[in-house]
Amino acid sequence: MHELGITHEILEIVLRYARRHRVTQVSKVLLEIGELSDLEQEWIQHYFDAISRGSVAEGARIEVKKLPCRFFCRQCGNEFVTTLTNDEPLICYGCGSEAVEMISGSEYTVKSMEAT
Amino acid sequence: MREVRLIQIEEDIQADNRLEAEKVRRRLEEAGTFMLNLMSSPGSGKTSLILKTIEAVQSMRTPAIGMAVIEADMDSQVDAETILDAGVPAVQLRTGGFCHVDSYMVAKTLPSLDLEPIDLLILENVGNLICPAQSDTGANSNVMILSVPEGDDKPLKYPLMFRECEALVVNKSDYLQMGDFDMDSLRRRAKKLNPEIEIFEVSCKTGAGVQQWAEWLLRKIGR
């Protein structure tokens with residue numbers, strides 16, 4: 001059920017941009033989804049096919065790019081990618097500091113589309 | 001044949017919902033109402049915690065704290081009736097099978113409540129640790145419940161929920177002696193996802209820890 005509501009929002013954004021750019025056919029939609037956000041590509045595609053019927057987005061392929069959890073170290077300025085869902089302590093790979101902050105990993109974005 | 005164009009979009013999928021959520025927060029602020037979004041799996045004790053919270057909050061402050069509850073249930077009215085029996089206004093938000101509450105649903109429900117006398121409005125979200133975490137409801141604070149029988153590994157499986165909540169109520173603490181739930185592991189895992197998260201060990205059955213939780217909540221609403 002979650003994916004259906006989300007797909008409606010995605011389609012709305014896509015159609016808004018399609019109108020703005022006078023598009024006749026959308027062929028691909030790229031989503032950027034952070035590792036922490038939950039979204040199943042298969043279901044998004046399935047719902048998108050159903051609700052985009054008859055629009056310029058009909059038949060468009062949904063591509064999901066998963067973005068990992070990326071951190072910034074306030075101590076040494078290092079940037080690193082790690083996973084939050086394990087029992088390893090969360091420390092900077094460079095200096096071992098705990099003063100780190102997440103800079104990406106919870107995205108939920110329509111990034112771009114390909115269209116004619 | 002026309003050339004394929006790459007059109008940059010860069011739009012947050014939930015931008016519209018977030019805008020609506022801001023509107024909800026403005027309306028709540030005008031009325032002086034604090035809204036708490038309470039989330040958990042089914043059966044971890046949302047309704048029980050609400051009942052215990054009503055009891056504790058009412059006994060701890062005079063003049064009394066005005067309270068109300070929005071019950072988002074798939075389709076039954078059982079929970080709303082339980083809350084009404086406790087003497088607190090409760091409205092049913094029918095999600096129509098939807099897996100979580102969004103800000104539009106809250107915006108549609110608010111007019112059925114007289115917000116003026118309400119200091120604390122509790123939204124009992126749909127029982128689910130995945131979808132509700134993704135959606136801003138317009139609440140001032142997100143809180144989750146994890147009950148001991150669900151296990152200490154849940155932060156590893158539902159990371160976003162733990163990140164999005166200000167407080168974690170570990171309910172059914174009376175079960176701690178019975179299983180292999182490791183409180184330290186849970187704390188470590190939850191804090192890794194969200195270093196700021198406040199953790200309360202509570203048993204709605206025995207009443208243990210309810211006082212500390214209610215104190216925190218009262219501080220949040222400025223009472």
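# Exercises on a two-chain predicted model

B:Ala167, B:Val169 and B:Asn171 point one way from strand β7(B), B:Leu168 and B:Val170 point the other way, and all are buried. Buried means that 20 or more other C-beta atoms, placed from the backbone, lie within 10 Å of the residue's own. Strands (E, at least two residues) and helices (H or I, at least four) are DSSP runs, numbered from the N terminus.

This is a predicted model: local features need pLDDT of at least 70, side-chain atom pairs count only at pLDDT 80 or more, and totals for chains, interfaces and linings use all residues. Residues are numbered from 1 along each chain as its sequence is written, and chains are lettered from A and ligands numbered from 1 in the order in which they are written.

## Exercise 1: a covered strand

Task: Find which strands of chain B pair with β7(B), and in which sense.

Solution.
- Start with the strand. β7 spans residues 167–171 of chain B, and five of its five residues are buried.
- Recall the pattern. In a regular strand the side chains alternate between the two faces of the sheet.
- Take one partner. β6(B), residues 141–147, pairs with β7(B) in the parallel sense over five bridges. Pairing requires at least two DSSP bridges between two strands. B:Val143 stands opposite B:Ala167.
- Take another partner. β8(B), residues 198–201, also runs parallel to β7(B), with four bridges. Here B:Val169 faces B:Phe200.
- Follow the chain. From β7(B) it passes through helix α8 (residues 183–193) to β8(B), a right-handed β-α-β crossover. Right-handed means that, with the strands pointing away from the viewer, the path from the first strand over the helix to the second runs clockwise.

## Exercise 2: a sheet across two chains

Task: State the strand order of the four-strand open sheet and locate its edges.

Solution.
- Read the order. It is β2(A)-β1(A)-β6(A)-β1(B), with mixed pairing.
- Locate the edges. They are β2 (61–67) of chain A and β1 (5–12) of chain B, each pairing on one side only.
- Check the twist. It averages 20° from one strand to the next. Axes are lines fitted to C-alpha atoms, for helices over the stretch in contact, and angles run from 0 to 180 degrees between N-to-C directions.
- Cross the chain boundary. β6(A), residues 108–115, and β1(B) are antiparallel and joined by six bridges. A:Ala115 has B:Arg5 as its bridge partner. A:Met113 stands opposite B:Ile7.
- Add the helix. α1 (residues 2–20) of chain A packs on the sheet, touching β1 (26–34) and β6 of chain A and β1 of chain B; its direction makes about 45° with that of β6(A).
- Count the contact. Chain A gives 27 residues and chain B gives 27 residues. Contact means C-beta atoms, placed from the backbone, within 7 Å. On the side of chain A that touches chain B, β6(A) provides the largest share, eight residues.

## Exercise 3: one loop residue

Task: Decide whether B:Tyr158 is buried or exposed.

Solution.
- Place the residue. B:Tyr158 lies in the loop between α6 (154–157) and α7 (159–164) of chain B.
- Count its neighbours. B:Tyr158 has 21 C-beta neighbours inside 10 Å, so it counts as buried.
- List its contacts. Leaving aside neighbours within four places in sequence, B:Tyr158 is in contact with B:Leu129 and B:Ile130.
- Set the background. Of the 223 residues of chain B, 44% count as buried.

Methods: Buried ≥ 20, exposed ≤ 12 C-beta atoms within 10 Å, placed from the backbone. Contact = placed C-beta atoms within 7 Å.
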